Amino acid sequence: MEKITNKIKNTEIVENPFSQAEFLKKASNITKEEFFKHFMPENPTPEEVAVVEWMAKDIPFKKLE
Amino acid sequence: MDNQEINKKENEEAQIEKGEAKEPTREELVGKVEEMISRVEKDHNDDEILNRLKDKLIHLSDKDLTLHPGIIEEVNSLVDEAVRLVRKTVESIKEEEYEPSIDHLKNYKQDSVEAQHTKIIKASEKIQNRFNDNEKIHLKMKKAIALVCGQVFNHCENPYALIGSNCYIPHTEYSAKIPDDLDVIFGINDYDMVCERLSKLENKGLISELKVSDVLNTDGTKGDKKIHCWITNGSPNEDDWVEMECFAQNMATQRYNGADNKSYIPLGDEDKELEVIEIIEVEARDENFDIIKNDKGEIVYEKVKGNIGSEKVARELYLKNIIKEFNLYNKNGWEHKAMLNAKALQRIFNLINMDSEGTEESINNLMDEIAKIRPKTETIRKVRDSLIFIWNQFKSLPVEKEESIGRKKGLVNWLVENADNGEGKEKGLNVSAKGDSEKEKKILSTEAAVDFITKETNNDLKEISTRSEKLKLKYESVLNNENASKEEIEGAIEDINKERTLLIKTSIKYKGYMDMANSEDGDDFCVYAAMPELRYHFILPYSVELVANKISLKKKLENQ
């Protein structure tokens with residue numbers, strides 16, 4: 001029988017290094033196009049394209065005028 | 001129960017308090033009586049009372065269906081009667097059946113106010129048999145429990161109880177979890193005695209690394225006293241050792257004397273039930289902790305007993321820890337996002353697993369239990385809202401059926417077959433049900449999947465956190481360095497690209513998991529629950545940070 005772990009301590013909470021304010025500020029300075037341009041790998045696979053789109057759909061990007 | 005329903009219920013409660021309640025319909029009243037009957041059925045099996053109530057309900061159904069004032073009075077009195085009968089019968093059953101099982105508690109103060117709050121009964125055969133199973137609770141754990149209960153905690157004047165996994169396992173039918181540490185709560189009155197006896201055990205080499213500290217409450221004030229040690233039972237082999245954490249708590253006496261912090265599980269302060277289990281037969285020891293021998297020089301053995309929390313105590317602990325974890329997360333500033341830490345997933349599953357009802361009902365029960373906690377603080381509201389938020393998110397997932405099996409496979413089922421255990425290791429989870437029961441297979445599969453995801457999300461959160469901090473230092477030093485060379489800037493961009501590749505790989509994994517979760521299978525909830533926020537709070541801000549810094553570095557490169 002595989003041992004089911006019990007070793008994660010009660011108080012172990014991973015610190016989130018990202019703040020909401022920073023996230024919103026940085027996202028509002030980037031357009032969706034810039035995000036795709038800089039985040040999408042060269043010659044992406046369909047899986048990579050799908051995942052970058054999956055990420056982009058909830059990022060509050062800079063709105064184009 | 002969703003947010004809307006809870007709000008409706010609360011509004012109704014508020015209306016009743018203000019005396020503005022609208023007159024209930026006949027259906028609502030009949031529903032209320034039926035609810036009462038089911039409560040009576042749940043609490044006891046007194047046929048006479050049940051039959052009386054059922055007769056009255058049938059009688060009510062035969063009446064004119066139109067609502068008239070008399071029917072309201074009749075149903076209200078019926079409800080009152082049901083409540084009175086439930087209370088009376090439950091109390092009389094308790095009185096009749098309650099025989100305190102305290103012969104193992106040598107110094108127990110039976111007349112203390114703490115003892116009045118604590119019912120200590122012999123564990124049922126079912127609970128004892130589960131505890132006896134050496135595959136569920138290993139022999140080395142039993143020896144450790146026997147040592148500390150027999151030599152320390154059974155000397156307490158106030159109630160004590162084993163909580164955590166050693167309390168959870170005897171209260172579950174199916175679980176592959178094996179307790180690997182020992183958690184105990186006891187009264188602060190017994191603190192000096194416990195410390196003294198543990199110190200003597202340390203001197204005898206039966207425990208090691210004894211440490212004492214104060215537990216801080218979430219508001220920074222001092223809470224319980226915590227004792228940590230390893231129970232070695234004299235073995236030099238660390239594999240034989242068992243870790244123990246025990247907490248000395250304020251009980252009723254301290255609270256009457258002005259202590260304002262209520263302990264996590266207010267044992268000896270609020271009504272609680274403990275169950276006495278027979279642990280194991282071990283060498284009897286004298287007051288100096290030396291093994292006792294008879295006249296013939298043979299070792300004398302004794303069977304040691306110990307207290308474990310009841311199922312209700314186990315549930316209370318998991319529930320309160322879930323609340324604590326949600327609350328801690330919210331303090332981080334991302335309000336209403338309810339990031340579940342890895343341990344919280346296990347706790348939710350444990351709560352569900354202890355319940356005999358289906359998962360969906362259990363989740364609703366969990367919401368109800370949180371809603372019932374008084375006082376209804378802002379924290380409680382947030383926790384409840386957060387859970388509802390995640391549950392609703394889960395329930396709104398699309399369900400695309402797989403033609404071959406006529407339903408969506410679901411994340412738990414997928415992980416059982418395909419979980420990636422790392423390079424060179426066989427894929428899938430090791431689920432070994434002993435019997436043919438579908439329920440057993442399902443519970444053990446979910447437990448293994450929760451355990452796998454617990455480790456995985458915990459590792460990924462740590463990884464992202466550590467890597468992002470390291471990278472931040474690196475690109476900030478290049479960005480802020482006016483004399484940074486072209487090579488240094490290009491190097492920093494390359495580091496970001498490498499990090500992007502890793503983040504995309506992680507994201508593909510979690511997108512895959514989330515796509516696979518089946519909202520029609522409540523067991524997938526515990527496995528799914530941490531993922532939306534892992535995506536929103538870690539993956540998305542990190543991707544934005546990488547892109548923002550890449551753009552800044554590229555601009556710096558262009559200006560060279």
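The following exchange concerns a predicted model of two chains, A and B.

Biologist: How many helices and strands are there in chain B?

Modeller: Chain B has 560 residues, of which 37% are buried. Among its contacts with a separation of 6 or more, 69% join residues 24 or more positions apart. The secondary structure of chain B consists of 19 helices and eight strands.

Biologist: In what order do the elements of chain A run from the N terminus on?

Modeller: Chain A has 65 residues, and 22% of them are buried. Its secondary structure comes to three helices and zero strands. From the N terminus on, the order is therefore α-α-α.

Biologist: At which residue does α19(B) bend?

Modeller: Helix α19(B) has 28 residues and spans 39 Å from its first C-alpha to its last, close to the 40 Å expected at 1.5 Å a residue. The helix nevertheless bends by about 30°, and a proline, P541(B), follows within four residues of the bend. The residue at the bend is I539(B).

Biologist: Is α2(A) roughly parallel or roughly perpendicular to α19(B)?

Modeller: Helix α2 of chain A covers residues 32–39, and helix α19 of chain B covers residues 531–558. The two pack with their axes 10 Å apart, at an angle of about 85°. Because angles of 65 to 115 degrees count as such, the arrangement of α2(A) and α19(B) is roughly perpendicular.

Biologist: How many nonpolar residues has the contact of α2(A) with α19(B)?

Modeller: On the side of α2(A), the contact is made by E34(A), F35(A), H38(A) and F39(A). On the side of α19(B), S543(B), V547(B), K550(B) and I551(B) take part. By class, the contact has two charged residues and two polar ones, and the number of nonpolar residues is four.

Biologist: Is A314(B) buried or exposed?

Modeller: A314(B) is placed in helix α11 of chain B, residues 311–330. Its C-alpha atom is separated by 8.5 Å from that of L351(B), although the two residues are 37 residues apart along the chain. Because 26 other C-beta atoms lie within 10 Å and the cut-off is 20 or more, A314(B) is buried.

Biologist: Is K177(B), in the loop between α8 and β3 of chain B, buried or exposed?

Modeller: The loop that holds K177(B) runs between α8 (165–168) and β3 (181–187) of chain B. From C-alpha to C-alpha, K177(B) and E135(B) are 9.7 Å apart, with their positions 42 residues apart in sequence. Since K177(B) has 22 other C-beta atoms within 10 Å, and 20 or more are required, the residue is buried.

Key:
Residues are numbered from 1 along each chain as its sequence is written. Chains are lettered from A and ligands numbered from 1 in the order in which they are written. This is a predicted model: local features need pLDDT of at least 70, side-chain atom pairs count only at pLDDT 80 or more; totals for chains, interfaces and linings use all residues. Axes are lines fitted to C-alpha atoms, for helices over the stretch in contact, and angles run from 0 to 180 degrees between N-to-C directions. Angles under 35 degrees count as roughly parallel, over 145 as roughly antiparallel, 65 to 115 as roughly perpendicular and the rest as oblique. Two residues are in contact if their C-beta atoms, placed from the backbone, lie within 7 Å. Ala, Val, Leu, Ile, Met, Phe, Trp, Tyr, Cys and Pro count as nonpolar, Asp, Glu, Lys and Arg as charged, and the others, Gly among them, as polar. A residue is buried if 20 or more other C-beta atoms lie within 10 Å of its own, exposed if 12 or fewer, and partly exposed in between; C-beta atoms are placed from the backbone. The expected span of a helix is 1.5 Å times one less than its number of residues. The bend at a residue is the angle between axes fitted to the seven residues ending there and the seven starting there.
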